[in-house]
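Student: I'd like to practise reading helix packing and burial on a real model. Can you walk me through one?

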Amino acid sequence: MRLFDTLSRDLRELKPVDGDTFRFYCCGPTVYGPAHIGNFRTFVLQDVLRRVLETDGLKTCHVRNITDVDDKTIRDSVKAGETLTAFTAKWRDLFHADCEALNCCEPHIEPSAVEHIPQQIVMIEELVEKGHAYASEDGSVYFNIGSFPGYGKLSRLDTRELELGKTQATSANNSDEYEKGSAADFVLWKARRPEDGENYWQSPWGEGRPGWHLECSAMIREYFGETFDLHSGGVDLVFPHHENEIAQSQCSCGGEFARHWFHTTHLTVDGEKMAKSKGNLYTLEMLAEKGWSAMEVRYVLICAHYRKPLNFTFESLHSAREAIQKIANARKILAAKASDQGNGWGGYEPAWEKLSSDLNTPGALGAVFKRIKKVKGLSAEEAADDLAGLDRMMDALGLSIPVLEDEAIDVPRDIEELAQKRWEAKLAKDWAASDAFRDEVLAKGWVIKDAPNSYSIEKR
Ligand code: AMP
Ligand code: ZN
């Protein structure tokens with residue numbers, strides 16, 4: 001499997017560093033409202049990546065965190081008059097239900113920021129000790145980006161942006177999210193403010209809470225140690241979040257940190273990033289109310305390459321519905337034809353090759369449809385292998401395709417009566433009458449099939 005790496009800007013082979021299990025970390029949801037389908041573009045593509053690695057025979061360890069303490073979760077839980085725990089649990093549960101509907105595999109480990117406060121404090125202490133962080137007068141602690149020569153490598157900050165950023169930070173610029181133009185020392189520990197309510201913890205610097213960027217560094221160290229195989233999120237996380245994670249982790253633990261960076265481009269609406277702050281979002285629930293299934297949404301989310309923007313439209317949902325129907329029809333024909341249990345990829349090898357080359361989901365779907373056109377001309381053996389290949393392909397994409405039943409056939413009344421008379425003649429050993437009734441049924445386009453003690457009627 002080859003995948004583009006944001007840091008080296010190259011396609012690179014994915015191999016586990018320990019030679020055994022591919023260990024990867026995905027920045028998880030901030031649970032302060034329902035996740036929108038833009039967030040799910042990222043989570044679904046991470047799921048496809050995992051499925052492709054596993055289909056390729058690799059063992060994986062997938063860690064995805066829950067951000068349950070940050071500026072937004074605190075702000076909105078206080079506004080809702082709920083405890084942070086109750087407030088975030090509600091949105092975390094909805095996130096889990098949505099993931100299940102979208103057929104996303106559960107991560108092997110799902111740590112939460114609130115459950116890892118001590119690990120975050122230890123990391124800050126190390127950074128202060130090693131001269132990479134300093135406490136300000138109000139009891140907040142900042143990372144000194146000037147102390148880390150590698151700062152800016154992932155997001156390619158230019159020298160001007162870096163020079164601007166070499167200023168001592170104050171509480172005026174300690175928000176979790178900011179643009180490249182305001183690169184500066186960033187906050188590791190935020191001193192308690194009145195608007196935080198009861199959401200604070202004790203630390204060597206007084207009461208407060210960790211900055212948002214720290215949780216992933218601390219949890220990665222807890223579950224993976226210094227070096228692991230791949231780190232992932234949407235492109236908006238490249239700067240500052242992932243840049244800051246690299247700085248925190250490399251300066252406290254040493255080691256390589258992530259060996260590969262996988263970032264997905266945004267889902268847009270009318271050309272603008274889908275985001276809660278913009279109010280242009282769709283959730284699974286909103287789309288279900290309009291009659292769209294989670295699987296149709298999943299199809300839309302994988303029908304563009306992860307490095308290209310994808311503009312969400314209702315036309316794309318209509319096309320997804322048609323596409324899923326076509327795959328289901330092809331599968332039904334293959335299942336009816338297949339002689340035996342098939343093997344390998346059958347005619348779906350080109351689709352698999354696309355998928356394992358930089359996770360080319362649109363290329364893979366294109367190859368699936370090219371092959372599907374051939375179903376009718378296949379032999380029973382070919383159909384068996386194609387059925388196995390198509391099922392593996394759908395599994396790698398995480399698309400669950402409905403199994404179409406044979407439509408119930410209404411047998412006309414007169415045919416049923418003739419068949420019944422023929423059955424009675426047969427029981428009476430009146431072979432001439434039995435044959436005559438059978439021929440009459442046949443002439444009308446139906447076949448009588450005998451079992452030891454019964455019969456059935458099928459279309460000829
Ligand atoms: P959040 O819950 O805001 O922390 O975001 C969860 C994940 O969704 C992160 O990996 C984000 O980068 C990603 N994300 C946010 N908005 C979009 C979008 N419009 N398209 C794709 N991914 C997104
Ligand atoms: Zn993160």
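Tutor: Let's go from the domains to the helix pairs, and then to burial. Keep in mind that this is a predicted model.

Student: Which domains does the assignment give for the chain?

Tutor: Domain 1 covers 2-264, domain 2 covers 279-397 and domain 3 covers 413-459. If you take the C-alpha centres of domain 1 and domain 3, they lie 72 Å apart.

Student: Now a helix pair. At what angle do helix 6 and helix 7 pack?

Tutor: Helix 6 (residues 214-224) and helix 7 (residues 238-253) meet at about 45°, and their axes are 8 Å apart. Angles between 35 and 65 degrees fall in the oblique class, so helix 6 is oblique to helix 7. Their crossing is right-handed.

Student: Which residues make that contact?

Tutor: Helix 6 brings in Leu214, Cys216, Ser217, Ile220 and Arg221. From helix 7 come His241, Glu245, Gln248, Ser249, Ser252 and Cys253. Sorted by class, the contact of helix 6 with helix 7 has four nonpolar, five polar and two charged residues.

Student: Is there a general way to read spacings along a helix?

Tutor: Yes: an α-helix has 3.6 residues a turn, so residues three or four places apart point the same way.

Student: And helix 14 with helix 15: how do they cross?

Tutor: Helix 14 (residues 413-427) and helix 15 (residues 431-443) have axes that come within 8 Å and cross at roughly 160°. Anything over 145 degrees counts as roughly antiparallel, so that is how helix 14 and helix 15 run relative to each other. The handedness of this crossing is left-handed.

Student: What does each helix contribute there?

Tutor: On the helix 14 side you'll find Ile415, Leu418, Ala419, Lys421, Arg422, Ala425 and Lys426. Helix 15 answers with Trp431, Ala433, Ser434, Phe437, Arg438, Glu440 and Val441. The contact of helix 14 with helix 15 splits into eight nonpolar, one polar and five charged residues.

Student: On to burial. How many residues of helix 9 are buried?

Tutor: Nine of the nine residues in helix 9 (residues 294-302) are buried, so the helix is mostly covered. Charged side chains are on that list too, including Glu296 and Arg298.

Student: Is arginine 50 buried or exposed?

Tutor: The cut-off for buried is under 20% relative accessible area. Arginine 50 has 7%, so arginine 50 is buried. Arginine 50 sits in helix 1 (residues 37-55). Beyond its neighbours within four places in sequence, arginine 50 contacts Phe24, Thr60, His62, Cys105, Glu106, Pro107 and His108.

Key: Residues are numbered from 1 along each chain as its sequence is written. Chains are lettered from A and ligands numbered from 1 in the order in which they are written. This is a predicted model: local features need pLDDT of at least 70, side-chain atom pairs count only at pLDDT 80 or more; totals for chains, interfaces and linings use all residues. Side-chain values use heavy atoms; hydrogens and water are left out. Domain bounds come from an automatic or database domain assignment. Axes are lines fitted to C-alpha atoms, for helices over the stretch in contact, and angles run from 0 to 180 degrees between N-to-C directions. Helices (H or I, at least four residues) and strands (E, at least two) are DSSP runs, numbered from the N terminus. Angles under 35 degrees count as roughly parallel, over 145 as roughly antiparallel, 65 to 115 as roughly perpendicular and the rest as oblique. A crossing is left-handed if the near helix is turned anticlockwise from the far one by less than a right angle, and right-handed if clockwise. Contact means heavy atoms within 4.5 Å. Buried means under 20% relative accessible area, exposed over 50%, partly exposed in between (1.4 Å probe, protein chains only).
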